[in-house]
There are 2 protein chains.
Amino acid sequence: MNKPEVYSATMSDQCEANVYHVDLGDRSYDIHIQPGCLDALGSVMRGLFPAAGRCLIVSNDVVAPLYLERVERSLAASDWAFSSTILRDGEQHKTIDSWNGILDALMLARLSRIEPVIALGGGVVGDMTGFAASCYRRGIPYVQVPTTLLAQVDSSVGGKTAINHPHGKNMIGAFYQPSLVWIDPLVLGTLAPRELRAGIAELIKYGLIRDAGFFSFLNEHMDELLALHPATVAQVIYTSCRHKAEVVMADETEQGVRALLNLGHTFGHAIESMTHYTVYLHGEAVALGTLMAARLSARLGYVDDSVETDIRALFERCALPVEIPSFSADEWLDAMGHDKKNVGRRIRFVLLKAVGEAFVADDVDEKAVRDMIATF
Amino acid sequence: MNKPEVYSATMSDQCEANVYHVDLGDRSYDIHIQPGCLDALGSVMRGLFPAAGRCLIVSNDVVAPLYLERVERSLAASDWAFSSTILRDGEQHKTIDSWNGILDALMLARLSRIEPVIALGGGVVGDMTGFAASCYRRGIPYVQVPTTLLAQVDSSVGGKTAINHPHGKNMIGAFYQPSLVWIDPLVLGTLAPRELRAGIAELIKYGLIRDAGFFSFLNEHMDELLALHPATVAQVIYTSCRHKAEVVMADETEQGVRALLNLGHTFGHAIESMTHYTVYLHGEAVALGTLMAARLSARLGYVDDSVETDIRALFERCALPVEIPSFSADEWLDAMGHDKKNVGRRIRFVLLKAVGEAFVADDVDEKAVRDMIATF
């Protein structure tokens, strides 16, 4: 296990837990953020699932060598029987076949309806494990143990589970809440720098859609964040989880306000799809999509050009990509699920009214989108 | 379209609708039972989904030639755009592959989140379509238009959707309620007699688990039912839907009382699995399983032997199978999902205390099950 000295040493100064309770009636759960908490997973799960004997751990071939043994030790110490299944890392493996592999592992483990599955990994592991948990025996509990910044601040919270379909990202899935989100910020010490920066793009998103103060905070503290300064890391994870949870509590199944979380995602998903999920990380594609949303907002008169400039400057400090890949307007619209035959139709986008205030525009003219694309 | 004269002629005498409202909060819906209502599907759906433009019809290669055109005509008359996908008929096609085919059709049709899918067929079509609806874009509405007696009285109501896994029946699925159940009893006129009788096994189940009077009624009116006497058919469908809905409203996700609906199903599923879903219809397997549950209840002292005798006599009148297929006790227990290594463990069954009163026994000794199996 590779625990970088500089980070764990300072982090140990402030080991208290930050807990945010997501209140969703009988689907409520806690988000628990605490340095080093990975080793306490077995015991907290013993308390949460007193009648369960077995569990299954789902991880991937990058995370498992780093953290699986520690999780297994923690489970064994609290009298859990367990098995594990290891997926291949990467968005291109977020498929029906991988999901089916998790189901096979659940069958083999013969988990009962009350026995949980653990998602130990990033967003892909969490999304696929959550969807498998929602389907196996029509639903068993699952615990999110996110190991990337992106998963810690976004995908592990809120119960959106999914797999990709050849015709679109996250098109097959379920709204299915976890029983617990267990976040150990120390695991970010082994995260590839590129993955860390992709996660930061989602942090910036929260600032842009609902918290101008947080956007300023990120501007001021970006260097500390990139250096994994412990107080900064803990604060931004907590703030982001709170934002995500507040939105989810207001709109669990995305009938309204939850759509704001998709700022940059319509373009971002199109980029991922057109590049076959192999060129950009999700957070990188979202960063590019956010720049496009900012430009579209400006061209429609909602904000001035400085908003895009400010976002771009912050992305550049994180070494996030800022060059929009080149495709024809038809390719963009097709990848966004818009039929080329429906010329002149109006399209739905999340746009910005200001830094800290996003809104859903239902009536964007297709031509405005084409014109915006042509400016890149 | 093949509408038998004798049935439709008498049925037209009483064309009023029977509507049962299933109250599940924001997942509530109506069960509508009315001879000839198939032709009104498009207009009722127009009222239910005013903002939807398109829908997808899922059917199978037996039902589609009989009823698809009528449904399409009804949809077109109410300004629906639609497409259809036709599955192969039979429980052996209730697979991940078939389900994936429905998802592909949904993708191709580009249905939005508010546009519905129609399940036109028996339980297999309904279960797979419901599960696909629950997953596509994390959930779109679906309408059950059941065309077999079994689906009309059982599987179309209550939101249990699923597909089979090589390791077990209905192991992958979701609790996902339909937006409407639209039952036209006239379509039973084209149902194969064997399918009709398999459905009757589920009717008898409601009598056994919670309504001794209904069991008596079925005994008295079985000949009329087998001859599709309209008043009798309408009454038994309504009574069965009411029973099913009452149980579902009390326990939507099968935490307790809903398990009683599984009388005969533990053994029945094992029979289907051991015979690879090719020998028995689901209702036939459940009939056999019900006989085994009755014998186990008697051997454990809950009822006397006459209960099994009475059930067997009624099944024989419907030409339902009553000969339990021959497998070893190990094969039975394995097919029921019980690990052979756990010798001496206690197993959960739905048993009978009387005709009209079922209960869940959590503590049945494995040896009692083995001994019961040996008596066949």
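Which domains does the domain assignment give for chain A? The assignment, with bounds that come from an automatic or database domain assignment, gives domain 1 (5-191) and domain 2 (247-374).

This is a predicted model, in which local features need pLDDT of at least 70, side-chain atom pairs count only at pLDDT 80 or more, and totals for chains, interfaces and linings use all residues. Residues are numbered from 1 along each chain as its sequence is written, while chains are lettered from A and ligands numbered from 1 in the order in which they are written.

**Domains of chain A**

The C-alpha centres of domain 1 and domain 2 of chain A lie 29 Å apart. Across this boundary, 12 residues of domain 1 of chain A are in contact with 12 residues of domain 2 of chain A (C-beta atoms, placed from the backbone, within 7 Å). On the domain 1 side, β8(A) supplies the largest share, 3 residues. Helices (H or I, at least four residues) and strands (E, at least two) are DSSP runs, numbered from the N terminus.

**Contact between the chains**

Chain A and chain B each bring 23 residues to their contact. On the side of chain A, the elements that give two or more residues are α4 (96-109), α5 (123-135), β7 (160-165) and β8 (168-175). Of these, β8(A) gives the most, with 6 residues.

The table sets out the residue classes of two sides. Ala, Val, Leu, Ile, Met, Phe, Trp, Tyr, Cys and Pro count as nonpolar, Asp, Glu, Lys and Arg as charged, and the others, Gly among them, as polar.

| Side | Nonpolar | Polar | Charged |
|---|---|---|---|
| Chain A, touching chain B | 10 residues | 8 residues | 5 residues |
| Domain 1 of chain A, touching domain 2 of chain A | 5 residues | 4 residues | 3 residues |

A turn of 180° with a shift of 0.0 Å along the axis lays chain A on chain B with an RMSD of 0.0 Å, by least squares on the C-alpha atoms of residues with pLDDT of at least 70 in both. That is the relation of a two-fold axis. Because 100% of the interface residues of chain A are also interface residues in chain B, the copies meet through the same surface.

**Helix packing in chain B**

Helix α4 (residues 96-109) and helix α5 (residues 123-135) of chain B pack at an angle of about 50°, with their axes 9 Å apart. α4(B) and α5(B) are therefore oblique to each other (neither under 35 degrees, nor over 145, nor 65 to 115). Residues making the contact include W99(B) and L103(B) of α4(B) and M128(B) and F131(B) of α5(B). By class, this contact of α4(B) with α5(B) has 7 nonpolar, 2 polar and no charged residues.

Key
Contact = placed C-beta atoms within 7 Å. Axes fitted to C-alpha atoms, helices over the stretch in contact; angles between N-to-C directions.
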